[in-house]
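Please walk through the structure shown here, starting from individual helix contacts and ending with the chains as wholes.

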Amino acid sequence: MNSVIAERTRKIVLTIIMFAISILFLLPFLWMLSTSFKIEAEVFTYPIEWLPKTWNVVENYHEVWVGKFPFYKYYWNTIKVSVLTTLISCAVSALAAYGFSKIQFKASSYLFIIVLTTYMIPQQAILVPQFILYREIQLFDSHLGLILLGSFSVLGTFMLRQFFMGIHQEFIESGKIDGASHWTIFWRIAFPLVRPAVATYAILRFIWTWNDYQNPLIFLRTDALYTIQLAIQKFTTINGEFYSLIMAGTVSGILPLLIVFIIGQKSVIEGIALGGVKG
Amino acid sequence: MKAKTRAKGYMKLQRKETLAGLLFVAPMLIGVTFLTLIPIIAAFLLSLSEWNFVAGWDGLKWVGLDNFQRLLSDDAFIKSLLNNAWFLLTVPIYMAISMFLAIMIDRNVYAKSYFKVAFFMPYISSVVAVAIVWQVLFHPSAGPINQTLMALGIDNPPGWIADPKFALVSIMMISIWISIGFNMIVYIAGLQAIPKDLYEAASIDGANGWRKFLNITFPMLSSTSFFLLVTGIIASFKVFDLIAVLTKGGPIRSTSMIVWHLYETAFTNLKLGYASSMAVVLFACVLFITLLQWVIQKKWVNY
């Protein structure tokens with residue numbers, strides 16, 4: 001009995017300590033949020049006022065969303081690019097994963113090894129040729145080009161292949177005996193079975209695309225095409241020393257994704273853990 | 001006769017399978033061929049050339065291995081490589097912190113999901129936004145970090161990212177803060193794979209918490225740690241966003257790293273050939289570590 005109580009007290013004390021650590025860890029976010037609510041004159045007052053004396057929320061966020069450099073445009077661009085990249089990437093990876101796991105054909109293993117080896121190539125090593133290629137075929141400075149860059153994921157193919165391999169071959173064979181084509185088997189039998197895995201991969205791909213900075217930086221030029229990451233940076237440059245506005249900008253950059261993350265929390269964390277443990 | 005037609009039928013079936021298989025993997029193969037395979041071959045070829053692409057294809061000049069020779073005596077490149085080497089230090093640091101947090105969260109606290117989300121937040125947030133927040137926090141005179149340090153009686157706090165001596169360390173600190181979430185989640189998954197009865201047996205033998213950590217947890221996590229070490233090292237070669245937003249390699253090249261230097265050479269100075277030789281070096285580094293991983297993993301089976 002005593003040991004149960006001792007165990008529980010220990011756990012409570014450790015929870016409190018960990019909570020303190022987590023608050024310390026999250027201080028930059030808290031500072032960002034509270035600064036985004038302030039008027040400029042009170043940004044750097046010391047001791048730090050975590051609750052603003054003068055609230056300026058509406059004005060700050062109004063300027064970010066529909067002001068001189070309106071975020072709503074860039075949200076739209078980012079949503080467009082992220083959603084399309086996610087959809088295409090899931091389709092391409094699911095098809096390839098099925099092909100590599102459920103159809104027995106001669107070249108299969110060789111082709112799969114070729115695809116896997118490309119995973120070792122860091123994208124930065126091929127930026128220059130990609131850039132030249134994009135200029136030659138007119139994909140430079142276009143959303144289509146950006147979407148294609150994120151659409152052929154080796155990781156996605158590998159991850160989904162593991163799940164397709166988990167489907168009993170009998171399911172596939174019985175489909176074939178009934179005279180179904182591979183397309184019907186894929187669409188009616190196999191894909192529905194791996195749908196949770198596809199959803200997990202989709203959330204990860206969406207987050208990665210939303211947060212991507214390097215590709216938009218290199219492959220976009222026109223302001224009107226900017227994604228939110230470029231927009232935050234440009235907004236910061238435009239507003240120079242207006243830190244309250246800048247913080248409202250960064251909050252706006254993080255918030256939509258944070259909501260996606262909190263809704264899909266379990267899938268994201270499982271996806272990361274899965275990718276991690278399986279390597 | 002009969003066997004022959006059956007063989008023929010089988011051949012036909014097999015051909016149909018092959019066709020279906022190729023169709024299914026075709027989109028992926030085409031994408032990978034055009035966006036990865038051809039570019040990596042092109043990168044190797046370009047590394048043997050001198051080319052400012054503004055001059056058009058005619059401006060391309062083959063120079064053999066000159067670029068690589070130049071790299072060896074290019075102080076800016078050597079400095080960047082050295083900075084990459086320093087940056088490797090972040091990997092064991094965030095791994096240790098993440099392992100500690102994972103153990104605490106997995107066994108010793110209530111409200112596990114809160115803690116998972118809290119420590120995962122920097123990883124999920126965009127690097128650009130996070131970098132800008134840190135830039136303001138690190139502001140040399142007015143920033144909250146230095147104001148706090150001065151209030152604590154430190155009269156000459158460092159200038160952080162504005163100070164050549166502290167800039168790299170500052171970026172490393174931010175990078176550690178960002179990486180903890182991912183590593184912690186993977187460690188928690190690793191912890192959950194350890195059979196509970198090992199701990200029960202150890203308790204019966206009278207082992208205390210520290211002994212259990214040393215003799216059970218740490219060794220049982222070795223394959224997870226190895227994976228994180230390798231991905232961490234590879235990721236450290238690719239650091240770009242933080243530098244591009246925060247310091248642009250400065251002050252006085254103190255935070256220039258290989259990918260930043262490559263980017264600057266290619267897209268600011270437009271020396272595509274020379275930049276490609278850096279790309280080859282980058283590729284070689286990542287390849288070397290991946291191959292090393294395979295060799296070690298084959299030889300060293302953990303449990």
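Helix 12 of chain A crosses helix 6 of chain B in a left-handed manner. In this predicted model, helix 12 of chain A covers residues 243–263 and helix 6 of chain B covers residues 127–137, and the two pack at an angle of about 155° with their axes 9 Å apart. Since angles over 145 degrees count as roughly antiparallel, helix 12 of chain A is therefore roughly antiparallel to helix 6 of chain B. On the chain A side, the contact is formed by Y243(A), I246(A), M247(A), T250(A) and I254(A), which meet A129(B), I132(B), V133(B) and V136(B) of helix 6 of chain B. Sorted by class, this contact of helix 12 of chain A with helix 6 of chain B comprises 8 nonpolar residues, 1 polar residue and no charged residues.

Helix 12 of chain A also packs within its own chain, against helix 1 of chain A, with the axes 7 Å apart and an angle of about 120°. That angle makes helix 1 of chain A and helix 12 of chain A oblique to each other. Their crossing is left-handed. Helix 1 of chain A contributes F29(A), W31(A), M32(A), L33(A), T35(A) and S36(A) to the contact, while helix 12 of chain A contributes Y243(A), S244(A), M247(A), A248(A), T250(A), V251(A) and I254(A). The class count for helix 1 of chain A with helix 12 of chain A is 9 nonpolar, 4 polar and no charged residues. Y243(A), M247(A), T250(A) and I254(A) are thus listed in this contact and are also listed in the contact with helix 6 of chain B.

Helix 1 of chain A, residues 2–36, has a partner in the other chain as well: its axis and that of helix 5 of chain B, residues 112–124, come within 9 Å and cross at roughly 25°. Angles under 35 degrees count as roughly parallel, so helix 1 of chain A and helix 5 of chain B are roughly parallel to each other. The crossing of this pair is left-handed. From helix 1 of chain A, T15(A), M18(A), F19(A), I21(A), S22(A), I23(A), F25(A), L26(A) and F29(A) take part, and they meet Y114(B), F115(B), A118(B), F119(B), M121(B) and P122(B) of helix 5 of chain B. The residues in this contact of helix 1 of chain A with helix 5 of chain B are 13 nonpolar, 2 polar and no charged. F29(A) is listed here and in the contact with helix 12 of chain A.

Next comes the interface taken as a whole. The contact draws 86 residues from chain A and 88 residues from chain B. About 7900 Å² is buried between chain B and chain A, and carbon and sulfur atoms give 81% of that area. Within chain B, the residues that lose the most area to chain A are F24(B), M28(B) and L35(B), which together account for 10% of what that side buries.

The domain assignment completes the picture. Chain A is assigned domain 1 (2–57) and domain 2 (68–238), whose C-alpha centres lie 38 Å apart. Chain B is divided into domain 1 (2–67) and domain 2 (88–256), and 40 Å separate the C-alpha centres of these two domains of chain B.

Note on methods: Residues numbered from 1 in each chain as written. Chains lettered and ligands numbered in written order. Predicted model: local features only at pLDDT ≥ 70, side-chain atom pairs only at ≥ 80, totals over all residues. Heavy atoms only, no water. Axes fitted to C-alpha atoms, helices over the stretch in contact; angles between N-to-C directions. Helix = DSSP H or I, 4+ residues; strand = E, 2+ residues; numbered from the N terminus. Parallel < 35°, antiparallel > 145°, perpendicular 65-115°, else oblique. Left-handed = near helix turned anticlockwise from the far one by under 90°. Contact = heavy atoms within 4.5 Å. Nonpolar A, V, L, I, M, F, W, Y, C, P; charged D, E, K, R; others polar. Domains from an automatic or database assignment. Buried area = accessible area lost by both parts, 1.4 Å probe.
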